[in-house]
Amino acid sequence: LYWLLITDLTVFSMRFSAFLLVIGRVASEVGLFLGALIYLIASFASAISSLNHNLKDFAGMHWSALSLWEIALGMYPGSHFVSVVQNELVMVAVSLFVIMIAIFLVNLLIAQLNGAYQLVYEDMVGYARLNRARIIVTTLEQVSQKRWF
């Protein structure tokens, strides 16, 4: 919690303040990406778990979701892909999932981040100055009347 208070030190650097504001505005786009990723994982996990197969990694909705999450992050063990390749339906579903993640979602994330940055970049310094003024005003409000005289 105290680390969040360090962001008030951005008053001393206009560049850092502007950068922090851009990060704050662009973070919502990353949240949308993660939401779409979770939606795709849930959709493909339910589809794969309903198939007739005997793979332990995709034995239920929860195991399928965990395996797809590991595949999306590149953490799925390569030795387990041998059993996935042997079952054609699961292989097709996993291949579609990887294509959706690798091509569609990552490119969509890049486009969203680029668009959001272009919108914020124009007014970034103005927002930074307004943020600096807001921090100064809230700090001055906390100073007692005795200290002014």
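How many residues does α5 have, and what distance does α5 reach from its first C-alpha to its last? The legends below take up this point and others, using a predicted model.

**View 1. Helix α5 from end to end.** Helix α5 has 34 residues, and its first and last C-alpha atoms are 48 Å apart. That reach is close to the 50 Å expected at 1.5 Å a residue. At isoleucine 101, α5 bends by about 30°. Isoleucine 101 is also one of the buried residues of this helix. Others that are buried in α5 include Val90, Phe97, Leu109 and Val120. The elements against which the buried residues of α5 pack are α2, α3 (61-73), α4 (81-86) and α6.

**View 2. Helix α6 and its two faces.** Helix α6 covers residues 124-142; at 1.5 Å a residue, its 19 residues should span 27 Å, and the 27 Å between its end C-alpha atoms agrees with this. Its buried residues are Met124, Ala128, Asn131 and Ile135. Seen down the axis of α6, these buried residues fall within an arc of 65°, so they line one face of the helix. The face turned away from the buried side carries Arg129, Leu130 and Glu141, which are exposed. Among the elements that cover the buried residues of α6 are α2 (14-49) and α5 (88-121).

**View 3. Rings of Phe58, Tyr76 and Phe81.** A pair of aromatic rings is described by the distance of the centres and the angle of the planes. The model has three aromatic pairs. In one of them, phenylalanine 58 and tyrosine 76 are tilted, at 6.5 Å centre to centre and with 45° between the planes. Phenylalanine 58 sits in the loop between α2 and α3, and tyrosine 76 in the loop between α3 and α4, so this pair ties together parts that are 18 residues apart in sequence. Tyrosine 76 also pairs with phenylalanine 81: the ring centres are 4.9 Å apart and the planes are at 70°, so the pair is edge-to-face. Together, Phe58, Tyr76 and Phe81 form one aromatic cluster. Phenylalanine 58 counts as buried because its relative accessibility is 0%. Tyrosine 76 counts as buried at 8%, whereas phenylalanine 81 is partly exposed, with a relative accessible area of 29%.

**View 4. Surroundings of serine 64.** Serine 64 is part of helix α3. Is this residue buried or exposed? Its relative accessibility is 0%, so serine 64 counts as buried. Leaving out residues up to four places away in sequence, serine 64 touches Ala45, Ile48, Ser49, Asp57 and Phe58.

**View 5. Two nonpolar cores.** The largest nonpolar core has 20 residues, and Phe58, Leu68 and Phe97 are those with the most contacts inside it. Helices α2, α3 and α5 each supply at least two residues of this core. Which residues does leucine 68 contact, leaving aside its neighbours within four places in sequence? They are Ile41, Phe44, Ala45, Ile48, Phe58 and Phe97. A second, separate core has seven residues, including Val26, Val120, Met124 and Ala128. Of these, Val120 is a buried residue of α5, while Met124 and Ala128 are buried residues of α6.

Definitions and conventions
Residues numbered from 1 in each chain as written. Predicted model: local features only at pLDDT ≥ 70, side-chain atom pairs only at ≥ 80, totals over all residues. Heavy atoms only, no water. Helix = DSSP H or I, 4+ residues; strand = E, 2+ residues; numbered from the N terminus. Expected span 1.5 Å × (residues − 1). Buried < 20%, exposed > 50% of the residue type's maximum accessible area, 1.4 Å probe, protein only. Arc of directions from axis to C-beta. Contact = heavy atoms within 4.5 Å. Bend = angle between axes of the 7 residues up to and from the residue. Phe/Tyr/Trp six-rings, centres within 6.5 Å; stacked < 30°, edge-to-face > 60°. Core = buried A, V, L, I, M, F, W, Y, C linked by side-chain atoms within 4.5 Å.
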